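Here are a few notes to read alongside the model. Have a look at the structure first, then work through the points below.

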Amino acid sequence: MATPIKRIEKDFLLKVLYDEQIPIMYLLNRTEYILYLERPAKNEMLLRADRPITGIRPRKKLDLMFDYHGQVIIFSIEVIAVKNDQIAADVPEFLYKNLDRSYSRVSTPPDMQVQLAFRGDRYALSFPKVQEYEPGEVGEFMRQTNSKDLSGLIAQMGQWIKGYANGYKLIIFKDVKPSTTEERVLAETGKSLYLPSTLANLPQTDPYPKKRLVTEEMFRRYLESTGVDPAYLDDAVNRFVKSKYDNGIFSDAWVPLLFQEYVIGYIHIWINKEGKQPFDYTVIDNLYQFAKVLAFSLKENGYFEAGRIKNEPFEGKVIDISASGMLFAYSHSALSSSLLLDTELAVKLISSNRNINANAKIVRRYKDNTMGYFGCRFLDIVPEDMRFLFELIYGKPFTDKDASFLAGQV
């Protein structure tokens, strides 16, 4: 991930940009411009370009980069004034290093169109939706089961659970809407409510790379959203956990059933008799596998078929593009709410000379009041298409020198 440079190092780099006259690159419409600092950057930056840059005007933002001893540094400036080939701008608040993209992003070439489509089937369902979840394959377990045999899968799961818990429930949010605190937390977060011991607290941290657990901080935020006064949050959390122990529950776990971005139900297991080991992460891992298999089996048995929607291509507003990915925007809608992290898209890049078909994965997302913004990484562009795309967006052939300059620290 791109790392903001601390103030002392930032001041040093701005100083050497002037002292050593390090070239600063700006890419626009497949043209590479080189800029140099005209004087030390204090309250503002005064840059001179190697030639006039068309379209530069006050308030325009420029994304710039330079190479300092093999480390690519990027930053953005806002233009204050322009005179001939001189550009005055505010000193950037941040410089960034350790880039997590493979090539510099530039404005989309004017003769390029981009078409997008979801990979796989899409559904509009009446279940609760989440903003992020852990996608993925069901792995080896799936290959050892008959996904069509839903009753057999449920029986197999029940038999396995008996070895670890005294009881369990499987709930589908079809006729029953989330109503208890646990159900509402699951439905809002798409994560597991896990209490290995009801004599202890909710987890303080989540050890999973793709976060799976409702931590105590998340639970506190949920309670606050329901109207609990911040001054009473500690007491509310403690009472929630204590009530389980008072009701004879010694270990408790609620694991969501996820289908795409929908929380379709959950698996609840508990221990209410002494002598059993508290639930550990192995139990949570296996329940996640069962949950994935059950959701897949429901799909295979046509449970969601009435909600299937036509998967038509759509066009997002492409903000910028590189040889390894792109950033596009889409207005807030049911479609944009389905563009979650790790969602895979089919991408068609259309130019006058050649079309490129590739797949891309959403690796970052954010939003403002009207639009959602989605950063994608291309997954499988063949070398011939990569060279063509590179030349199309940067306006020059791919060379080893360009690769070393434009490549980020992945």
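1. Start with the linker between two strands: E18 and E19 are joined by a hairpin through 4 residues. Strands here are DSSP E runs of at least two residues, helices are H or I runs of at least four, and both are numbered from the N terminus.

2. A word on the basis before going on. This is a predicted model, where local features need pLDDT of at least 70 and side-chain atom pairs count only at pLDDT 80 or more, while totals for chains, interfaces and linings use all residues. Residues are numbered from 1 along each chain as its sequence is written, and side-chain values use heavy atoms, with hydrogens and water left out.

3. Back to the strands. E18 (residues 344-350) runs antiparallel to E19 (residues 355-367), with 7 bridges between them; strands count as paired if DSSP finds at least two bridges. If you want one pair to click on, Leu 349 has Ile 356 in E19 as its bridge partner.

4. E19 also pairs with E20 (residues 371-378), again antiparallel and through 7 bridges. A hairpin of 3 residues links E19 to E20. Look for Ala 360, which sits opposite Phe 378 in E20.

5. Next, helix H9 (residues 383-394). Its 12 residues should span 16 Å at 1.5 Å a residue, and its end C-alpha atoms are 16 Å apart, so the two agree. The expected span is 1.5 Å times one less than the number of residues.

6. Which residues of H9 are buried? They are Asp 385, Phe 388, Leu 389, Phe 390, Leu 392, Ile 393 and Tyr 394. Buried means under 20% relative accessible area, exposed over 50%, and partly exposed in between, using a 1.4 Å probe and protein chains only. Right after H9 comes Gly 395, with a positive phi near 75 degrees.

7. His 268 is worth a stop. This residue lies in strand E14 (residues 262-271) and is buried, with a relative accessible area of 9%. Leaving aside residues up to four places away in sequence, His 268 touches Gly 167, Tyr 168, Lys 169, Asp 252, Ala 253 and Trp 254, where contact means heavy atoms within 4.5 Å.

8. Finally, helices H3 (residues 150-162) and H7 (residues 281-300) pack at about 170 degrees, with axes 10 Å apart. That makes H3 roughly antiparallel to H7, a label for angles over 145 degrees. Among the residues meeting here are Leu 153 and Trp 160 in H3, and Phe 290 and Leu 294 in H7.

Key
Axes are lines fitted to C-alpha atoms, for helices over the stretch in contact, and angles run from 0 to 180 degrees between N-to-C directions. Angles under 35 degrees count as roughly parallel, over 145 as roughly antiparallel, 65 to 115 as roughly perpendicular and the rest as oblique.
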